[in-house]
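Here's a quick briefing to read alongside the structure. Have the sequence and the 3D view open while you go through it.

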Amino acid sequence: MRRRLIYIVAAVVVVAALASFGWWRHAERAWDRTSAPVTGAGGVQLDAALWVPDRVDADDPAPAVLIAHGLGEDQDDVTPLARALVQAGYVVRTWTARGGPGSDGRVGIAAPDGEVADVAALIDELATRDDVRQDGDDDPRVAVIGTSHGGGTALLAAASDPRIDAVVPIFAWYDLADALEPAGVLKLRWGSELFAAGAGDRHRGDPCGNLVEAACAAWTETAQAGRLTPAARDLLDSRSVATAVERLHAPTLIVQGQMDSLFDLDQATRLAHALDAHRTPVRVEWVRGGHDLPLDRRKRDHVHAAVLRWLERYLDKRGGVEVGPRFSVELGAGRGFAHAPTIPPKHAWRNLDLRASDAEDATGFVRVTAPAAGLPASATTLPGLGDVTGLDSGFEPPEVQRARFRSDPVDTGVELIGSPRVRLQFSASRPEAIAFVRLVDVAPDGRRVIPRGLVSPVRLTGLPPLGSARGRGVDVELPPIAWRLAPGHRLDVEVASTDAGYVPPDGPMTIAVRPAGSSGLRIPEVREPQRTADTFEAGFDWRDLLLLAAAIILVALVVGVLAARGLTRRDTRVQEPGMRELPLRARGLVKRFGDGRVAVADVSFDVEPGAVVGLVGPNGAGKTTVLRMLLGLVHPSDGFAHVFGQRIRPGVPNLARIGALVEGPGLAPHMTGREHLERYWSATGRPLAEAHVDAALETVELQADADRVVRTWSHGMRQRLGIAQALLGTPDVVVLDEPANGLDPAQIAQLRELVRTIVASGRRSVLLSSHLLGELEQVCTHVVLLAEGRVLQAGTLAEVVGEHPDLETAFLSLVRADREATHA
C-alpha cells in the first residue's frame with residue numbers, strides 16, 4: 001500500500017511538472033488565428049485564415065508567408081506548417097483554393113488566370129496590412145510555400161510576381177507534361193487521380209465537376225487517346241514553371257520526395273539546374289517521403305526546420321544565417337543525411353556487367369509478351385497505395401511478360417545517388433511498342449526489392465521485326481534514387497511489357513530485348529559522401545532536457561505500475577471472445593482534427609449479421625468520418641471499433657471481409673465497367689478469380705453494359721458500378737456512403753431493391769449512410785441518428801421511430817430535444 005501511494009504521489013508531481021513546463025514554453029509563442037476570407041482573381045471568394053503572432057503589430061510588423069495546399073485538400077491540411085511559421089514570428093495566410101470546400105470558382109490546376117492570379121490577390125491584400133513588413137508601395141515582404149499542386153502554384157506565382165521574396169515548392173513539378181507523360185508514355189493512373197481530385201463532387205451531374213472546362217476537356221481527350229493531345233500539352237505547359245523559369249528570381253528551396261512516382265527527383269534536379277543557369281539562389285533537399293509515402297513527424301519537423309532557415313536568410317534578410325548545403329539527401333537505414341556542394345553530388349560511374357537470367361532465342365534476345373488490354377499488369381507504385389512491390393503476390397506479371405538481366409554481387413557496399421543508366425536493344429512483332437525498365441536489388445537469400453518502387457517507361461518506335469540479328473539500341477535513364485547496395489547484393493535489370501500505373505500497351509504483341517554494348521548497367525557511385533545525423537538537428541536547452549527527464553520518469557513509473565499489476569498489451573489481431581460473429585462494433589469513437597474541430601464525438605453502435613443499418617444525419621454530421629474510421633482509413637482520436645472481433649487498425653486481416661464505397665467510386669471515363677472492376681481488384685493483390693466480377697455485375701444488373709466505356713453510362717449506372725466494386729470478393733459486410741446522392745426517384749427505388757438483394761442471403765450485413773431519411777426508412781432494419789458528430793439515438797427502426805409517424809419526424813423531434821437540453 002505504501003509503495004502504491006509513493007507511485008501515485010510521484011506520478012502526480014511529474015505530470016504537474018510536465019504540464020507547467022509545456023504551458024510555459026508555449027505561452028511565449030502565443031498567436032491568433034482568425035477566419036478572414038479574401039477575394040481572389042475575378043471576384044472569386046476564397047475561404048481563408050489569418051495567423052498573427054501576438055507580438056506583431058503596426059509598431060513591429062513581420063514578414064508574411066502564404067501557404068498553398070495540395071489538390072483535393074483544403075487549408076486545414078497545412079495547419080502544422082502554419083503553426084510552426086506563426087510561432088517563429090511570421091504573419092501567415094492560408095486559404096482553400098478555388099473549387100475547394102468553402103471557396104467559389106472551379107479548379108484550374110495552377111491556372112495562370114486562376115490559382116496563380118489568386119496568389120497575387122492575396123499579396124495585394126497583405127500590402128494593405130500595417131502588421132506586415134512593407135518593402136515599398138504595394139510591396140509586402142512575403143514568401144510563398146506550397147505542397148504538390150500548391151508548390152506548382154507557388155513557383156508560377158513567383159515567376160509572375162516580382163514581389164515574392166522567397167519560394168519553397170514541396171513535392172512539386174518543374175515540367176507537368178513531362179511528369180505525366182515521361183518518355184511519351186502516359187501515367188494513366190496518376191493522371192486520373194489528379195483530375196478526379198480536381199473535379200471533386202460539388203457540381204454533381206456535371207461531368208467536369210469542379211474542373212474548369214479546358215482542363216476537363218484536355219484530360220478527357222487524353223484519356224481516350226491514351227496520350228497527351230496537343231491541346232493537353234499546351235495546357236500543361238502553361239501550368240509549368242519550365243516555360244517561365246527565366247522570370248523566377250526569388251531564392252528557391254526545393255524539397256522533393258524519394259518516394260514519389262508522380263513528381264520524381266528529376267523534376268527537382270531540372271528546376272535547380274535551370275535556376276542555376278539564371279543565377280537564382282537555390283537549394284535542394286531529397287527527403288524520404290512524397291506522394292507515395294507521407295512524411296512522418298520526424299521528417300516533417302526536418303522539412304519545417306529547413307524552411308525556417310531559408311526564410312530567416314531570404315525573407316528576414318539575415319545574411320549570416322546558414323541555410324545548409326546546396327544539396328542534401330536523406331539516406332536509409334538511419335544513416336542520416338549526405339551533403340554535397342553540387343546538385344546532385346558528383347559521382348563516378350561504375351559498370352556492372354549484365355547477362356540474361358531467362359531463356360534467350362537464337363539471336364540472344366529474351367522475348368516477353370504484351371497481353372491484350374495490358375492485363376494482367378505488373379505494378380510498382382499505385383496512387384493511394386504507394387510502393388506495392390513488397391506485397392506478396394498479385395502485382396507481379398507472369399514470367400512471360402518480363403525479362404531479367406542479372407549482374408554479379410558487389411563485395412563492398414555501394415552508395416548510389418543519381419540516375420542509373422542502361423543501354424538495351426529491342427525488336428518486336430510490331431514496329432511500335434512500350435516497355436517498362438526497373439532496377440531490382442537482390443539479396444543473397446533471393447529477396448528482391450525494387451528501389452523506391454520506381455520504373456522508367458520507354459516508348460519504342462522503328463523496331464526491327466522479331467528474329468533480327470540486331471535490335472534498335474535505346475539508352476534508358478532510370479529514375480534518380482538514393483540507395484545503398486549492401487555487400488553481397490546485386491542489381492538486376494528487369495524489362496516488363498506492362499505497368500498498372502501507365503497506359504496499357506497496344507497488345508497483344510511480342511517484344512525481344514537484350515543488353516547492348518559492353519558497358520552493361522552504369523550506376524552513379526558516390527564514394528565516402530559527407531554525412532551528418534540531421535542538417536537541422538535542434539539542440540536542447542536546459543528546459544528541454546528537464547522536460548525530457550520528467551517524461552522519462554513518468555514512463556518509468558507507469559511501466560512499473562503496469563508490471564506490478566501484471567498487465568500486458570494484447571495483440572490486436574486476436575479476436576475478442578464472443579464477438580467473432582458480430583460484423584461491426586463501434587465504441588466511443590471520437591475524431592478531433594489538428595485545428596481542434598471535433599467531427600465525431602462518442603459514437604457507439606453495432607451492426608448485427610443480416611442487418612441493414614442506416615447512419616442517418618444531415619450533411620456535416622460526421623457520417624463519412626465514422627465510416628472511414630470503421631474501414632481503418634482514419635485513426636480515431638479516442639474509442640475503438642471491431643470487425644468480427646478484431647480491433648480495427650490498418651492491415652487487420654478481417655478488414656478484407658468488408659466491401660466499401662466511400663466518397664464515390666472514382667471511375668475512369670475511358671475504361672469499361674468490367675475493366676474498372678478488374679483493375680480495382682488487382683490492387684488488392686488477390687487472384688482475379690476470387691473477385692467474382694460477373695456475380696457482382698449480375699447483382700447490380702449491369703451484365704449487359706459491362707463492356708461499354710463508363711463515359712457512356714448514366715449517373716445511376718455509375719453509382720451501381722461503385723456498389724459492384726464494393727461487392728467484389730463477396731464481402732460479409734457492405735459499407736455504402738451516401739449511395740443515393742444524385743439519383744432520381746426511379747434510380748433510388750432500384751437502389752432500395754439492390755440493398756434488399758445484397759442481404760437476401762441472411763449472411764451479409766449492410767451499413768449505409770444518407771441524409772435522405774424517407775429512403776432509409778424503407779430499407780433499414782436498424783438506424784443510428786447522428787447530429788453534430790453525436791449519436792442522438794440508435795436501435796431498431798421501430799424503437800427509434802417509436803410513437804412518431806415516421807423516421808424524419810422522430811429525428812427532428814430528437815434534434816429539438818437535444819438543442820433544448822444543450823441550451824437549458
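How much area does the protein chain expose, and what share of it do carbon and sulfur atoms supply? The exposed area comes to about 35,400 Å², and carbon and sulfur atoms supply 52% of it. Keep in mind that this is a predicted model.

**The whole chain**
- The protein chain has 824 residues, and 53% of them count as buried.
- Its secondary structure adds up to 19 helices and 41 strands.
- Take the contacts between residues at least 6 apart in sequence: 75% of them join residues at least 24 apart.

**The 11-stranded sheet**
- One open sheet with mixed pairing runs in the order β1-β4-β6-β5-β9-β10-β11-β12-β13-β14-β31.
- Its edges are β1 (31-35) and β31 (530-532), each pairing on one side only.
- From one strand to the next, the twist averages 20°.
- At the β1 edge, β1 and β4 (residues 48-53) run antiparallel and are joined by 5 bridges; Thr34 sits opposite Leu50 of β4.
- Helix α9 (residues 265-277) packs on this sheet, where it touches β11 (252-257) and β12 (282-287). The direction of α9 makes about 165° with that of β11.

**Helix α4**
- Helix α4 (residues 149-160) has 12 residues, so at 1.5 Å a residue it should span 16 Å; the end C-alpha atoms are 17 Å apart, which agrees.
- This helix is mostly covered, with 11 of its 12 residues buried.
- Among the buried ones are His149, Gly150, Gly151, Gly152, Thr153, Leu155 and Leu156.

Definitions and conventions
Residues numbered from 1 in each chain as written. Predicted model: local features only at pLDDT ≥ 70, side-chain atom pairs only at ≥ 80, totals over all residues. Heavy atoms only, no water. Helix = DSSP H or I, 4+ residues; strand = E, 2+ residues; numbered from the N terminus. Expected span 1.5 Å × (residues − 1). Buried < 20%, exposed > 50% of the residue type's maximum accessible area, 1.4 Å probe, protein only. Pairing = 2+ DSSP bridges. Axes fitted to C-alpha atoms, helices over the stretch in contact; angles between N-to-C directions. Contact = heavy atoms within 4.5 Å. Areas by Shrake-Rupley, 256 points an atom, 1.4 Å probe, with all protein chains shown as cover.
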